[in-house]
Each structure stands twice: as C-alpha cells, then as structure tokens.
Amino acid sequence: MHIPDGFLSAPVAVATGVVAVAAIAVAVKQTNKKMGEKQVPMMGVLAAFIFAAQMLNFPVAGGTSGHFIGAALAAILLGPWATVLILSSVLVVQSLVFQDGGLLALGANITNMGLIAGFSSYYIYKGLDALSKHNKAGTLVGAGIGAWFGVVLASLACAAELSISGTSPWAIAVPAMGGVHILIGVGEGLITVAVLSLIMATRADLLKLQVA
Amino acid sequence: MKSKWWIIGLSIALLLAVISPIASKFPDGLDRFAEDNNFVDKASEPAFMVVPDYSFPGIDNEATATIVAGLLGTLLLFGFVFGLASMLKSKHEA
C-alpha cells in the first residue's frame with residue numbers, strides 16, 4: 001500500500017505530511033517516559049521484523065498480492081505511539097533506501113500505515129480484549145480483528161487521498177481499495193495472531209511492555 | 001537456552017529476509033488498482049536510486065540480490081530504531 005510519488009496532489013501531500021510530522025512529535029513525547037531496558041530491543045526487533053515481513057508478499061485473489069503491515073502487532077506489543085515511531089522508521093528507510101513509497105508521499109504513507117492502522121487496530125483490540133475479560137482466546141481474536149480493521153481502514157484512507165488528489169474517482173477508489181484489502185487484512189490478522197501466540201507461549205512477560 | 005530473547009527475534013527477522021525471494025511477484029493491492037484504472041503511469045521516477053526494488057545493485061543472481069537487500073534493510077532498521085529508542089530512554093533518565 002506504499003503510495004509512490006505522482007499519485008497525490010500537492011495539497012494532499014502537504015496535509016498528510018503535516019499530520020505525520022505532528023504525530024511523530026507527539027509520539028516522541030509520549031514514548032520517552034516509559035522507554036526502558038526491555039523496550040529498546042523490542043522497538044528494534046519489531047522494526048526489523050516488520051521490514052522483513054513486509055517484503056514477503058502473499059498472493060490474494062486475481063493476480064494480486066498483499067503484504068503484512070505490522071502496525072497492529074507493534075501497537076499491541078508497545079502501544080500506538082511507539083507504533084508511529086516504528087512504522088515511520090520502516091517507511092522512511094523503505095522510501096530513502098529501497099525506493100518503495102515516494103518521498104513526497106511519505107506523510108500519507110505514515111498517516112495510513114502508521115497512525116491510522118496503528119490506532120484503529122489498537123483500540124479495537126483493546127475493546128475486544130476487555131470484552132473477553134482478557135482470556136487468551138479473546139485476546140487473540142481481538143488482535144486478529146483489530147489487525148484486519150487496521151489494514152482495511154488504512155486502505156480506505158489511501159483511497160480517500162487518491163480521490164481528493166483527483167487520481168481516481170471516489171466511487172471507484174473506495175470499493176477497489178477496500179475490496180482487495182478486506183482479503184489482505186485476513187493475512188494481517190493471521191500473521192498478527194501467530195506472532196502473538198508464539199510470544200504468549202514462550203515469553204508472556206514481553207506482552208507487558210506498552211510504552212504509549 | 002539462555003540466548004537473549006531479542007537475539008532470537010532479530011534472527012527470525014533475518015530468516016524472513018533470507019526467504020524473501022519466495023514472495024509473490026503479483027502487484028500489491030494499490031499497484032493492482034493503479035494498473036486496472038490506468039493511472040499507474042502517474043508514478044514518477046524516484047529522484048535517486050539506492051537499492052531499488054529490493055534488489056542489491058551489482059549482483060547478477062536475482063534471488064541473491066533480494067536476500068542481500070533484505071538483510072541490509074532488516075539490520076538497518078534494527079540499528080536505527082534501537083538507537084532511536086535508546087535516545088528516548090536516556091532522555092528521561094538524564
């Protein structure tokens with residue numbers, strides 16, 4: 001879902017750029033208070049894992065592929081503000097070093113895949129986890145559903161940016177982007193649940209590192 | 001096993017980079033949408049290229065070039081975000 005340069009109008013690129021810069025500034029303030037001995041390597045490992053996992057496109061219907069975003073996983077493990085920092089770092093490196101996602105589109109990509117995917121999946125997960133009284137199955141189901149919503153909502157934000165930019169009409173962009181990401185989101189949910197299950201089974205203490 | 005948990009986590013990430021050549025080559029959701037609606041050509045060429053398309057330049061074997069690019073990015077992100085988090089940690093401890 002990495003938007004290249006050329007798809008967004010200048011106003012959309014600037015507006016999302018302002019949102020992304022503001023979000024990163026708040027994230028720095030929010031995360032520094034609780035950043036501790038165990039959170040530092042978790043931040044690094046999550047960034048590394050998300051970058052590598054994003055390379056592994058999996059096929060979905062009709063000659064299309066999707067890939068893991070990782071915002072839900074990061075948000076569940078470290079909180080949504082830490083997620084903004086992790087996803088922003090991944091997206092900056094992808095754009096600068098690997099020419100994946102445009103430089104001028106960085107603000108939009110950070111807004112969609114960091115901010116929107118991170119916060120939406122986090123609060124959906126939180127709500128479902130609380131409803132299930134924090135039992136293990138409920139936590140995992142909440143994580144999977146939260147991750148699915150994160151991807152779908154990020155894709156709708158992307159569709160909105162493309163349509164406001166005049167690149168594709170609203171009536172085409174929303175069903176097309178939403179439709180395919182309903183499928184890609186299932187992959188996101190499954191990967192998120194698999195990683196959380198592994199951590200629960202081996203090092204459950206690592207589930208309690210939320211910084212912000 | 002007494003290995004630190006994060007060394008295991010980083011190893012898993014590096015392992016994913018090593019298997020990255022098996023990734024689907026189909027366009028992703030956004031690329032596919034752009035192709036189907038004839039605006040994929042609006043994408044502008046990047047102003048500069050470092051490791052374009054996750055393929056390390058100068059390596060003829062495509063899978064090897066992808067693996068090297070993947071390992072580079074994985075280590076780069078581990079180092080960068082580990083450093084960033086360390087700075088945030090020391091900020092409140094100072």
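Biologist: How do you know what span is expected for helix α1 of chain B, residues 5-19?

Modeller: A helix is a DSSP run of H or I with at least four residues, numbered from the N terminus, and its expected span is 1.5 Å times one less than its number of residues. Helix α1(B) has 15 residues and reaches 21 Å from its first C-alpha to its last, close to the 21 Å expected. Please keep in mind that this is a predicted model, where local features need pLDDT of at least 70, side-chain atom pairs count only at pLDDT 80 or more, and totals for chains, interfaces and linings use all residues. Residues are numbered from 1 along each chain as its sequence is written, while chains are lettered from A and ligands numbered from 1 in the order in which they are written.

Biologist: Which residues of α1(B) are called buried, and what puts them on the same side?

Modeller: A residue is buried if 20 or more other C-beta atoms lie within 10 Å of its own, exposed if 12 or fewer, and partly exposed in between, with C-beta atoms placed from the backbone. In α1(B) the buried ones are W6(B), G9(B), L10(B), A13(B), L16(B) and A17(B). They cover an arc of only 110° around the axis, so they sit on the same side of α1(B); the arc is that of the directions from the helix axis to the C-beta atoms. On the other side, I7(B) and L15(B) are exposed. An α-helix has 3.6 residues a turn, so residues three or four places apart point the same way.

Biologist: Why is chain B described as more spread out than a compact globule?

Modeller: Its radius of gyration, taken over C-alpha atoms, is set against the globule rule, 2.2 Å times the number of residues to the power 0.38. For 94 residues the rule gives 12 Å, but chain B has 18 Å, well over that, so it is more spread out than a compact globule. Chain B has three helices and zero strands, and its C-alpha atoms fill a box of roughly 55 × 35 × 25 Å along the principal axes. Buried residues make up 30% of its 94 residues.

Biologist: What makes up the side of chain B that touches chain A?

Modeller: Two residues are in contact if their C-beta atoms, placed from the backbone, lie within 7 Å. The contact takes 46 residues from chain B and 56 residues from chain A. On the chain B side, the largest share, 17 residues, comes from α3(B). That side divides into 30 nonpolar, 11 polar and five charged residues. Here Ala, Val, Leu, Ile, Met, Phe, Trp, Tyr, Cys and Pro count as nonpolar, Asp, Glu, Lys and Arg as charged, and the others, Gly among them, as polar. Among the contacts, A48(A) touches L10(B), A13(B), T74(B), L77(B) and F78(B), not counting residues up to four places away in sequence.

Biologist: How do you know that α6(A) is mostly covered?

Modeller: Of its 29 residues, 21 are buried. The end C-alpha atoms of α6(A) are 42 Å apart, which agrees with the 42 Å that its residues should span.

Biologist: And why is V193(A) called buried?

Modeller: V193(A) has 20 other C-beta atoms within 10 Å, so V193(A) is buried. This residue lies in helix α7 (residues 170-202) of chain A. Leaving aside neighbours within four places in sequence, V193(A) is in contact with L140(A), A143(A) and G144(A).

Terms used:
Helix = DSSP H or I, 4+ residues; strand = E, 2+ residues; numbered from the N terminus.
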